[in-house]
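Trainee: Could we go through this structure together? I should like to begin with contacts between charged side chains.

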Amino acid sequence: MKLNVHEHGDGDRLALLIHGGMWDHRTWHAVERELATAGYRVLAPDLRGHGLSPRGPCRPELVAGDLVDSLPTGADLAIGHSFGGLALSLAVERLRPRRAVYSDPGFSPRNVTPQALAFMRQLLAGATAESLRRINSRWTDADIEAELAGLALVDPAFLDEAAALDADYLPERPCVPSLVQLADPSLALTDAEVALLRERGFETRTVKGAGHCIHLDDLPGFLASLDGWI
């Protein structure tokens, strides 16, 4: 499947930004500006079932294939958040970026609780700027605008498929230099899984006080934790 791919900047280096479930490329609006200022050209796709990309079954393996079909190989940097981090991990050996960053990645879908899924369904059913501001007091007006725009274009079937996932996708090894960036606490990974990732050769860094959407909850902390990676 060919994805809708947003482009920003004209730098000599290339960065790929892969959004999480229930978003689209607009979630990266502040990060892409920072990367463009640092000399990157940014490509940010809308995953299938999100944004302006086509609809279809959203199994992680299929989404990973879409990334391979829609993005260039050999980027200087690839960052994937949540479900996008899982998809990136399944595509990284074929995309071969020089560095990969997995931001609170969804390597273990079984860690998503029924309560979290119910909350996501509520967001799809009727999120407003006021309700999002109550939940995410640190988000800017632009963050909330991006969230609402992304939610309006999500295929509801995505959540049904996400709820049915029960496989272990924890990567066996990093095939490129790889950082796992963690929320505090991580919504996606247990302490035991984080320890196992370290044993397998992944670097891990925690952004203190940040929630699952690290790049929105604490943009300076998100960027600081990428020191040496961007």
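Mentor: This is a predicted model. In it, the side chains of R98 and D76 form a salt bridge, at 3.3 Å from N to O.

Trainee: Where do R98 and D76 lie?

Mentor: R98 is in the loop between α3 (83–95) and β5 (100–103), and D76 is in the loop between α2 and β4 (77–81), so the salt bridge ties together parts 22 residues apart in sequence.

Trainee: Is R98 buried or exposed? And what about D76?

Mentor: R98 counts as exposed, at 52% relative accessibility, whereas D76 counts as buried, at 14%.

Trainee: How many salt bridges does a search of the whole structure find?

Mentor: The search finds eleven. Among them is the one between the side chains of D66 and R48, at 2.6 Å from N to O. D66 belongs to helix α2 (residues 60–70) and R48 to the loop between β3 (40–45) and α2, so this pair links parts 18 residues apart in sequence.

Trainee: How accessible is D66, and how accessible is R48?

Mentor: D66 is buried, with a relative accessible area of 2%. R48 is buried too, with 8%.

Trainee: Turning to the strands, how do β6 and β7 run?

Mentor: They run parallel, with four bridges joining β6 (residues 178–182) to β7 (residues 203–206).

Trainee: Which residue in β7 stands opposite V180?

Mentor: That residue is T204.

Trainee: What unit do β6, helix α8 and β7 make?

Mentor: Together with helix α8 (residues 191–199), the two strands make a β-α-β unit, and it is right-handed.

Technical notes:
Residues are numbered from 1 along each chain as its sequence is written. This is a predicted model: local features need pLDDT of at least 70, side-chain atom pairs count only at pLDDT 80 or more; totals for chains, interfaces and linings use all residues. Side-chain values use heavy atoms; hydrogens and water are left out. Two strands pair if DSSP finds at least two bridges between them. A crossover is right-handed if, with the strands pointing away from the viewer, the path from the first strand over the helix to the second runs clockwise. A salt bridge is a side-chain nitrogen of Lys or Arg within 4 Å of a carboxyl oxygen of Asp or Glu. Buried means under 20% relative accessible area, exposed over 50%, partly exposed in between (1.4 Å probe, protein chains only).
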